[in-house]
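Colleague: I would like a close look at a single part of this structure. Please take one helix and what surrounds it, and keep it plain.

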Amino acid sequence: MKTITLYTRVRCHLCDVAEEALERVRRTEPFELVILDLDREAPAEKRVAYDWDVPVVELDGRKIMKYRVDETRLLRLLREETP
């Protein structure tokens with residue numbers, strides 16, 4: 001099963017919207033969802049990399065989206081075979 005990691009911040013409206021979109025997609029195409037607060041739980045290198053970009057979505061450790069979730073694109077990426 002693929003893993004989606006959502007990097008968020010407290011009181012981030014776009015983060016809430018992104019999480020809702022991820023949950024909608026997950027009803028169609030199951031995946032493990034990990035939600036990490038960028039300021040409290042994320043590794044230091046992620047804090048530096050994503051500081052101004054939240055929310056950020058990674059698929060199996062690879063950054064695939066920031067700010068907004070494109071649900072159609074996410075479904076396509078989840079359905080692709082892993083090399």
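**Helix α3 and its surroundings**

Modeller: The model is a predicted one. At the N-terminal end of α3, aspartate 70 acts as the cap, with a side-chain oxygen 3.2 Å from the backbone nitrogen of threonine 72. The helix itself covers residues 71-79, and its buried residues are Leu74, Leu75, Leu77 and Leu78. Viewed down the axis of α3, these buried residues fall within an arc of 165 degrees, so they line one face of the helix. They pack against two strands given as β3 (56-59) and β4 (62-66), and also against β1 (3-8) and helix α1 (13-28).

The loops around these partners have some backbone features. Tyrosine 67 is in the loop between β4 and α3. Its phi is positive, about 70 degrees, although tyrosine 67 is not a glycine. With a relative accessibility of 35%, tyrosine 67 counts as partly exposed, because that class lies between under 20% for buried and over 50% for exposed.

The loop between β3 and β4 holds aspartate 60. Aspartate 60 is another residue other than glycine with a positive phi, here near 50 degrees. Its relative accessibility is 44%, so aspartate 60 counts as partly exposed.

On the other side of β3 in the sequence, the loop between α2 (44-50) and β3 contains proline 55. The peptide bond joining valine 54 and proline 55 is cis, with omega about -5 degrees.

Away from these loops, the charged end of arginine 26 sits over the ring of phenylalanine 31, 5.8 Å from the ring centre.

Note on methods:
Residues are numbered from 1 along each chain as its sequence is written. This is a predicted model: local features need pLDDT of at least 70, side-chain atom pairs count only at pLDDT 80 or more; totals for chains, interfaces and linings use all residues. Side-chain values use heavy atoms; hydrogens and water are left out. Buried means under 20% relative accessible area, exposed over 50%, partly exposed in between (1.4 Å probe, protein chains only). Helices (H or I, at least four residues) and strands (E, at least two) are DSSP runs, numbered from the N terminus. The arc is that of the directions from the helix axis to the C-beta atoms. Contact means heavy atoms within 4.5 Å. A polar contact is a pair of N or O atoms within 3.5 Å; within protein, one must be able to donate a hydrogen and the other to accept it, and residues adjacent in sequence count only if both atoms are side-chain atoms. A charge sits over a ring if NZ of Lys or CZ of Arg is within 6 Å of the ring centre and within 35 degrees of the ring normal.
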